[in-house]
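This briefing is written to be read beside the sequence and the model, and it moves from enclosed spaces to ligand surroundings, the nonpolar core and a few backbone details.

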Amino acid sequence: MEHRKIYIETYGCQMNLADTELLIGLLKPHGYEQTQTAAHADVILLNTCAIREHAEERILKRLKELVHHKVRRPGVRLGLTGCMAQHYREQLLDKAPFLDLVLGPDAYRNLPSLLAQEEKDEPLVSVRLDRDETYADITPLHGEGIRAWVTVMRGCDKFCTFCVVPYVRGRERSVPLNALLHQVQELADQGYQEVVYLGQTVNAYRDGDQDFADLLHKTAAIDGITRIRFTSPHPSDMSDRIIEEMATDSKVTPYLHLPLQSASNSVLARMERGYTVEQYAVLVDRLRAAIPGLALSTDIIVGFPGEEEADFRATYDFMNMLRYDFAFMFKYSAREGTKAHKWGETMSEEEKGRRLQEIIRLQERLSGEINHHTIGQTVHVLVERPAKRQEGWMAGKNAQFKTVVFPGDGARPGDLVPVRIVSATAHTLIGQP
Ligand code: SAH
Ligand code: SF4
Ligand code: F3S
């Protein structure tokens, strides 16, 4: 059978990457295979993000670049999926009237039947959110390598006032535990060694009376899986049982991404994050006491409506005190439909930029110092691939999820290699086997 070809570009977070694997898995039984070249594709999809504004500008620009494939090769379908498709819906069609398909995150099941329809002048739009859709019965086509991303819950019920996710991904719902264990067993059988559990509030996972700690515990019992990670946990859902599981289960890696957003209590309250900076600090103390060598990363937003200089300084000082291993830092971007959108912008883009640069500089210094301290230590690297810069070198991650490069010496992807760290930058550790 002649396969039809699908080309997908993915934007946004890991959950979107996992959804791209889901889309490809969904289309495979219908005779589609993936291509890495848009010029070979029968179907071109952009799987999009809506978290910040510039993401959307980028997508519209990219769509306008891709539309020539439709002109040159009649029959090619151009579609938009993901969070921005859900966010913009009809509005989008004014800006990109040449689109054939617009599909929100809970409408992917419809893709094969929509593609089977005759081409129409009007785009096919499917953006109903479905509080029960988990795609538990669909097998995603996982990418090559040693690491597999597995979505364990979809949506979010937290409604932080800056965030569009609850509106574009809908209500929180978890994939049944047995379906997940079955999926991970299959991944282990295929040779994957690391699973990364995904969800916007991944640690709020629940199936009946079983929670995220149970999921971690049962996953660790699967032979062949050697490392278990997850992202993003919400500080308010970080239960004692999960901490205990991280502390006692050697497969659950000592690394945690724990988004803070701001260290000013008045900003946190207006963000409706559900914790104070003191509660967050106590949580980190408990985590660090329970899990030796724990690496921490975070997300920070600067320029939230009403963020005064003193609020920003509180964030700066807290980061300096807490010493994250690394951080993702963003300028606040007002999103239509959210509560904070109504409060408008209270700061110029220049001022946001200044604040952002200040914490980026701070974090570069801290990451550099922290990584420098690892010099002389021996770490265990799960090898992933050849290093990009040096011929003959290999790259992988240590248990703290830091990239380590070292002279290859016969190491292959999947090997666990003890490596002595001999130098370090803010982003990479350099080692000798
Ligand atoms: N569920 C995760 C966050 C997912 S979004 C959590 O609650 O921790 C990833 C990050 O994008 C957020 O942590 C936040 O720092 C950033 N972000 C979300 N909305 C934003 C906005 N409107 N403007 C700027 N950054 C935003
Ligand atoms: Fe957005 Fe808050 Fe949900 Fe994270 S927890 S996805 S920031 S609403
Ligand atoms: Fe973006 Fe949607 Fe992820 S808005 S960050 S792709 S959940």
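**Cavities, pockets, ligand shells and backbone details**

Domain 1 (4–126) and domain 2 (142–253) each supply at least three residues to the lining of the largest cavity. The model is a predicted one, and a search through the whole of it finds three cavities of 30 Å³ or more.

**The largest cavity**

- The largest cavity holds about 150 Å³ of space, and among the 16 residues that line it, Leu22, Thr134, Pro140, Thr151 and Gln183 are the closest to its centre.
- At least two lining residues of the largest cavity come from each of α1 (14–27) and β7 (147–151), and α1 gives the most, with four residues.
- Sorted by class, the lining of the largest cavity consists of nine nonpolar, four polar and three charged residues.

**The second largest cavity**

- The second largest cavity has a volume of about 40 Å³, and its lining is made up of Arg77, Asp100, Glu118, Glu119, Lys120, Glu122, Pro123 and Leu124.
- In the lining of the second largest cavity, six residues are charged and two are nonpolar, while no polar residue is present.

**The second largest pocket**

- The second largest pocket contains about 410 Å³ of space, and of the 18 residues that line this pocket, those closest to its centre are Glu21, His142, Gly143, Glu144 and Trp149.
- The elements that contribute two or more residues to the lining of the second largest pocket are β1 (4–10), α1 and β7, with α1 giving the most, namely four residues.
- Because domain 1 (4–126) and domain 2 (142–253) both give residues to its lining, the second largest pocket lies between these domains.
- By class, the lining of the second largest pocket has seven nonpolar and seven polar residues, together with four charged ones.

**Surroundings of the ligands**

- The residues around ligand 2 are Cys156, Lys158, Phe159, Cys160, Phe162, Cys163, Val165, Pro166, Gln200, Thr201, His234 and Arg273, and by class this shell comprises seven nonpolar, three polar and two charged residues.
- Ligand 3 has Cys13, Asn16, Cys49, Ala50, Ile51, Cys83, Arg169 and Gln200 around it, and by class its shell is made up of five nonpolar residues, two polar residues and one charged residue.
- Gln200 appears in the shell of ligand 2 and also in the shell of ligand 3.

**The largest nonpolar core**

- The largest nonpolar core comprises 58 residues, and within it Tyr197 and Phe230 have the most contacts.
- Helix α8 (residues 177–189) gives the most to this core, with six residues, and the core draws at least three residues from each of domain 2 (142–253) and domain 3 (257–373).

**Backbone details**

- As background for the items that follow, most residues other than glycine have a negative phi, and most peptide bonds are trans.
- Phenylalanine 159, which is among the residues around ligand 2, has a positive phi near 50° although this residue is not a glycine.
- Phenylalanine 159 is placed in the loop between β8 (153–154) and α7 (165–169), and it counts as partly exposed because its relative accessibility is 30%, which lies between the bounds of 20% and 50%.
- Phenylalanine 401 likewise has a positive phi, of about 70°, without being a glycine, and its place is in the loop between β18 (393–397) and β19 (403–407).
- Phenylalanine 401 counts as buried because its relative accessibility is 17%, which is under the 20% cut-off.
- The peptide bond that runs from threonine 231 to serine 232 is cis, with omega near -10°, and serine 232 lies in the loop between β13 (227–231) and α10 (240–248).

**Glycine 353**

- Glycine 353 is located in helix α14 (residues 349–372), where its relative accessible area is 17%, so this residue counts as buried under the 20% cut-off.
- Between glycine 353 and asparagine 398 there are 33 Å in space, C-alpha to C-alpha, and the two are 45 residues apart in sequence.

Technical notes. Residues are numbered from 1 along each chain as its sequence is written. Chains are lettered from A and ligands numbered from 1 in the order in which they are written. This is a predicted model: local features need pLDDT of at least 70, side-chain atom pairs count only at pLDDT 80 or more; totals for chains, interfaces and linings use all residues. Side-chain values use heavy atoms; hydrogens and water are left out. A residue is near a molecule or strand if one of its heavy atoms lies within 4 Å of it. Ala, Val, Leu, Ile, Met, Phe, Trp, Tyr, Cys and Pro count as nonpolar, Asp, Glu, Lys and Arg as charged, and the others, Gly among them, as polar. On a 1 Å grid over the protein atoms alone, a cavity is a set of points where a 1.4 Å probe fits but cannot get out, and a pocket is an open set with protein on both sides within 12 Å along at least five of seven lines; lining residues have an atom within 4 Å of a point. Grid points are joined across faces, edges and corners, and a volume is the space filled by probe spheres set on the points. Domain bounds come from an automatic or database domain assignment. Buried means under 20% relative accessible area, exposed over 50%, partly exposed in between (1.4 Å probe, protein chains only). A nonpolar core is a set of buried Ala, Val, Leu, Ile, Met, Phe, Trp, Tyr and Cys residues joined through side-chain atoms within 4.5 Å.
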